[in-house]
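Open your viewer and keep the sequence panel beside it. We will go from one selection to the next.

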Amino acid sequence: MGNLIWHDLGRFISITASVYAVWSSFFGFYYRKFFWDFVGGTLRDPGGIQPAPGAAVFITLIVKAPIIQILAMILGMMIVALEYSLPLVKGLALYRSFVVRIVLLFFQSFLCILYYQVNSTMLASEIISKIPVSYDNGLASGSLFFFPSTVNIHNELGVDFEIRLCPALQKKPRLPTPHFNGGADEPVSEPLANVDPFTPPYDPGLLVGELISEEISQQYVVLMNKYSVVPRHFLLITKEYQSQTSPLMPDDLLQAYALLVAGKKAGKNMFAFYNCGDLSGASQPHKHLQFIETEDDGPPIESLAGSISLESPGKPFSIERLPWANHVFRFPSNLPSSPVHKREPILADAFISLLDLVISTVRYDPTYPAGLPSYNVILTLEHMHLIPRRFENHTIDSTGDDLSVNSMGFAGMLLVKSERELEAVKTEGLGKILRSVALQSVHDIQVAGSTRDIDGDATSML
Ligand code: AMP
């Protein structure tokens, strides 16, 4: 009788351990880490633990491909089948063998102590503090490519435009602009879905962590930008697939703003941007916002926005000096210190009112293609800017080259690949270039309240 109880207790312990091994190996697929990387490793600041060269085989078998995790999962399932036990197994000689059990359990523990599931859920402040280390790790592991550039300041329209000359980009193949699904939050068609880099498993050399917040239900992942021209450029991605044509939701805005606030507290000025739709300059169909650090208080366009004195605070306005349609909202000055429940209606209402204006602007252009409008969003701690887009590229008159423009262009930061292109852009003028890919402002008509309503209310286009 006593033996029977010990026997059953042993069985239950073995089943529990094996179920846990299966469960942990499953998480180990997504969050891959070799547990013993600190043995002989070097601790760098910044950079974190750099594993010893002797650990390369484990990095390959655990981090690059989850081979050990797969073996642990198979072994765990085999032990559960043996101990539970499946009728198929009951007839076998190994079912009655203690030695087989001991060997299997020994291997199971050996495999499971090799890997570790990094708990990567973090608050905005933790994400921000991890960005420099993640950037250095990404570079060191070869997952992240940095393209050095030189900044040329070009003053036009009262804005100190930053034109980055980045010759190394000539070698980077340009991704074709995807044609997004018509706003449906369903994964894109098969060929594109297969190459969506923003779905798991994430490249461990680029993953910063999962962003969580007690008040926000939508889940997000933060990844370093694989191809960085500006150091520490990172992306906020919806964990579940959502389309890049869909408007920003209150949760998207709250998390983006929380990251900007956390950045400011850590002494970093950042801005966020979102390229929405076919003509916005986006290259990935999975919803992602991007974050860039700036030396000044914000991107070049911010000082112009900040210099405007508002007759009606709390209402959208337009920077009339700019020759393209732009819709801007200034946040109350206490927004960065406000609690989430107070921030949410302000951010959400600002976005909806600007989006209404974008849709109304688009409707004044009879040639605008049918379907969802494209626009760029620039978010700083002080302002939200929405710029409706008509074309993705501008063809430079003197060279005939196509220049792709996204939110960064409207933030006042443009990228060129050669000296020749730099000179051509300066000669052509940023005003002309940006106007040609955007729309004509109809702000005066909109202010006068005579916004033309063609197909009912604006939200019907969403
Ligand atoms: P957009 O072109 O606006 O859609 O932004 C997509 C961003 O994702 C670009 O800045 C790319 O450099 C970046 N990117 C492309 N592939 C990857 C990847 N596999 N992992 C992380 N970032 C990526």
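The tour goes from an annotated stretch to a strand hairpin, its sheet and a helix pair.

Before selecting anything, note that this is a predicted model, in which local features need pLDDT of at least 70, side-chain atom pairs count only at pLDDT 80 or more, and totals for chains, interfaces and linings use all residues. Residues are numbered from 1 along each chain as its sequence is written, and side-chain values use heavy atoms, with hydrogens and water left out.

**Stop 1: residues 12–31.** An unreviewed UniProt entry annotates residues 12–31 and 98–118 as "transmembrane region"; such annotations may be inferred rather than shown by experiment. Select residues 12–31: the chain there is 95% helix and 0% strand, with 28 Å between the end C-alpha atoms. Helices (H or I, at least four residues) and strands (E, at least two) are DSSP runs, numbered from the N terminus.

**Stop 2: the hairpin.** Now select strands β7 (residues 150–156) and β8 (residues 159–165), which run antiparallel and are joined by seven bridges. Strands pair if DSSP finds at least two bridges between them. Thr150 has Leu165 of β8 as its bridge partner, and Val151 stands opposite Arg164. Two residues lie between the strands of this hairpin, and Leu157 takes a positive phi near 55°.

**Stop 3: the sheet.** Which strand joins β7 and β8 in an open sheet of three? Add β20: the order is β7-β8-β20, with mixed pairing. β7 and β20 (413–416) are at the edges with a single partner strand each, so one side of each has no neighbour in the sheet. From one strand to the next, the twist averages 30°. Next, show helix α12 (residues 419–428), which packs on the sheet and touches β7, β8 and β20; its direction makes about 160° with that of β8. Contact means heavy atoms within 4.5 Å. Angles run from 0 to 180 degrees between N-to-C directions, and axes are lines fitted to C-alpha atoms, for helices over the stretch in contact.

**Stop 4: two crossing helices.** Finally, select α6 (residues 124–141) and α8 (residues 250–265), whose axes come within 8 Å and cross at roughly 60°. Ala124, Ser125, Ile127 and Ile128 of α6 meet Ala258, Leu259, Ala262 and Gly263 of α8.
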